[in-house]
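Here is a small set of exercises to work through with the model open. Try each one yourself before you read the solution.

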Amino acid sequence: MILKLGTRKSLLARAQSTWIARQLESRNPGLGVQLVGIDTLNDRTPNASLYLIDEALLSGRVDFTVHAMKDLSFERPREIRLAAIPQREDPRDVVLFSPDITERLRQGLPIRLGGSSPRRLENVTGFLERALPKVGPAPRLRWADVRGGIDTRLSCIRLADTDPLKLDALIFAFAAPIRLWRDEAMRNDLRPLLSGLRWMVLPLSECPGAPGQGALALECRSSDGVTLPRLKKLHDPLTARLVSMEREVLHHWSEMNPQRFGAAALCTDDCGDVLFLRGVRPDGAPLSEVWTQTPHSRQKLQAAHQHPDGLFLSPTRLWTCNAQRWTELAADGLWVEGCADGLGLGATQTTRNENVLGAL
């Protein structure tokens with residue numbers, strides 16, 4: 001039996017669709033999945049792109065589709081069914097810096113920072129001013145709106161300083177390089193773009209991603225009783241519950257600008273479910289909160305924040321306990337790669353061990 005999977009043609013879309021196809025084939029013996037590329041106007045207009053993919057699904061041209069959960073609206077056509085939310089990738093954002101970033105900081109040169117969302121502009125730039133190592137004058141960050149595939153954006157870091165499109169740093173969802181690195185063919189394309197760059201994995205407490213970031217949504221026609229049960233085999237209840245927590249907060253504050261709102265939920269061994277929120281309220285006031293399941297969980301989280309631990313993974317890889325300790329170490333001139341947000345360094349083990357981090 002062959003199922004047709006409709007996918008955008010971008011490098012990342014093909015990587016995540018290929019992974020979904022292989023997972024479905026492994027869990028449904030005798031099933032084959034064929035990728036069908038859908039032209040989405042180069043993803044310049046997300047709403048139009050989603051419409052074109054929905055149209056392919058409803059017309060029967062494809063049997064199911066894969067979307068980034070963070071891009072799906074709350075209201076979907078009744079003829080389309082959310083069949084599964086597979087296990088999520090890391091929900092964090094990352095920043096990749098050019099190989100000469102330390103020298104630029106030492107000389108006090110402008111740092112041209114590329115990104116594509118108001119949320120990142122508000123949260124990340126402020127955090128980086130404190131988190132970059134103090135080896136010279138205060139960092140001079142310059143924001144640049146950047147679009148396109150991850151390979152196109154990364155290539156901007158390799159441009160000459162005189163090129164108007166040149167970037168010194170780039171922000172994007174950590175899930176993107178994780179998924180690309182998993183695919184052997186795409187890994188070969190990605191390796192030269194990442195070679196020599198410096199990483200920062202941003203703290204969820206300061207820079208939570210968009211609600212649903214890192215999760216995928218598998219959709220099929222509501223009337224398709226053949227495809228639906230096969231897709232359900234990839235459903236991960238834990239991911240679905242955490243994503244639902246993030247999206248429910250945004251839905252509750254319906255007047256809040258979703259482009260300026262971040263929410264990230266984790267399930268931890270010590271503190272249970274923890275939800276980090278950051279954004280701008282409808283009245284313009286800043287929002288920065290941490291929600292826990294119980295007062296006891298909050299006490300554990302507060303106690304963990306007082307423990308100034310750190311972990312050197314190598315001479316160039318340092319992780320620490322929380323964002324405050326990160327900025328203290330940065331003030332001493334140290335490059336910190338990431339932190340545990342007060343959840344204990346054990347909670348970051350999966351993140352720290354991602355192959356795309358350790359392979360460069």
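**Exercise 1.** At what angle do helix α6 and helix α7 pack in this predicted model, and which residues make the contact?

*Solution.* Start with the axes: α6 covers residues 175–182 and α7 covers residues 184–194, and their axes lie 6 Å apart at an angle of about 125 degrees. An angle between 115 and 145 degrees is neither roughly perpendicular nor roughly antiparallel, so α6 counts as oblique to α7. Next, pick out the residues that touch. From α6 come Pro177, Leu180, Trp181 and Arg182, while α7 brings Glu184, Met186, Arg187, Leu190, Arg191 and Leu194. Finally, sort them by class: you should get six nonpolar and four charged residues, with no polar ones.

**Exercise 2.** Now do the same for α4 and α11: what is the angle, and which residues meet?

*Solution.* Helix α4 runs over residues 118–131 and helix α11 over 323–331; the angle is about 50 degrees and the axes are 8 Å apart. Angles from 35 to 65 degrees fall in the oblique class, and α4 and α11 are therefore oblique to each other. On the α4 side, look for Phe127, Arg130 and Ala131; they meet Ala323, Trp326, Thr327 and Ala330 of α11. That contact splits into five nonpolar residues, one polar and one charged.

**Exercise 3.** How many cavities of 30 Å³ or more does the structure hold, and what lines the largest cavity?

*Solution.* There's just one cavity at that cut-off. The largest cavity comes out at about 40 Å³. Walk around its wall and you'll pass Trp19, Pro86, Gln87, Glu89, Arg179, Arg182, Ala215 and Leu216. Notice Arg182 in that lining, since you already met Arg182 on the α6 side of the contact with α7. By class, the cavity lining has four nonpolar, three charged and one polar residue.

**Exercise 4.** Which elements supply the lining of the second largest pocket, and which residues lie nearest its centre?

*Solution.* First the volume: this pocket holds about 700 Å³ of space. Its lining has 24 residues, and those nearest the centre are Arg92, Leu266, Cys267, Ala347 and Thr350. Then go by element: α9 (237–252), β11 (262–268) and α12 (349–352) each give at least two lining residues, and β11 gives the most, with four. By class the pocket lining has eight nonpolar, eight polar and eight charged residues.

**Exercise 5.** Which element has the lowest mean pLDDT, and which the highest?

*Solution.* Begin with the whole protein, which averages 90, with 92% of residues scoring at least 70. Going element by element, helix α10 (residues 295–305) is lowest with a mean of 62, and strand β10 (residues 216–221) is highest at 98.

How values were computed
Residues numbered from 1 in each chain as written. Predicted model: local features only at pLDDT ≥ 70, side-chain atom pairs only at ≥ 80, totals over all residues. Heavy atoms only, no water. 1 Å grid on protein atoms, 1.4 Å probe; cavity = no way out; pocket = protein on both sides within 12 Å on 5 of 7 lines; lining within 4 Å. Points joined across faces, edges and corners; volume = space filled by probe spheres on them. Nonpolar A, V, L, I, M, F, W, Y, C, P; charged D, E, K, R; others polar. pLDDT = per-residue confidence, 0-100. Axes fitted to C-alpha atoms, helices over the stretch in contact; angles between N-to-C directions. Contact = heavy atoms within 4.5 Å.
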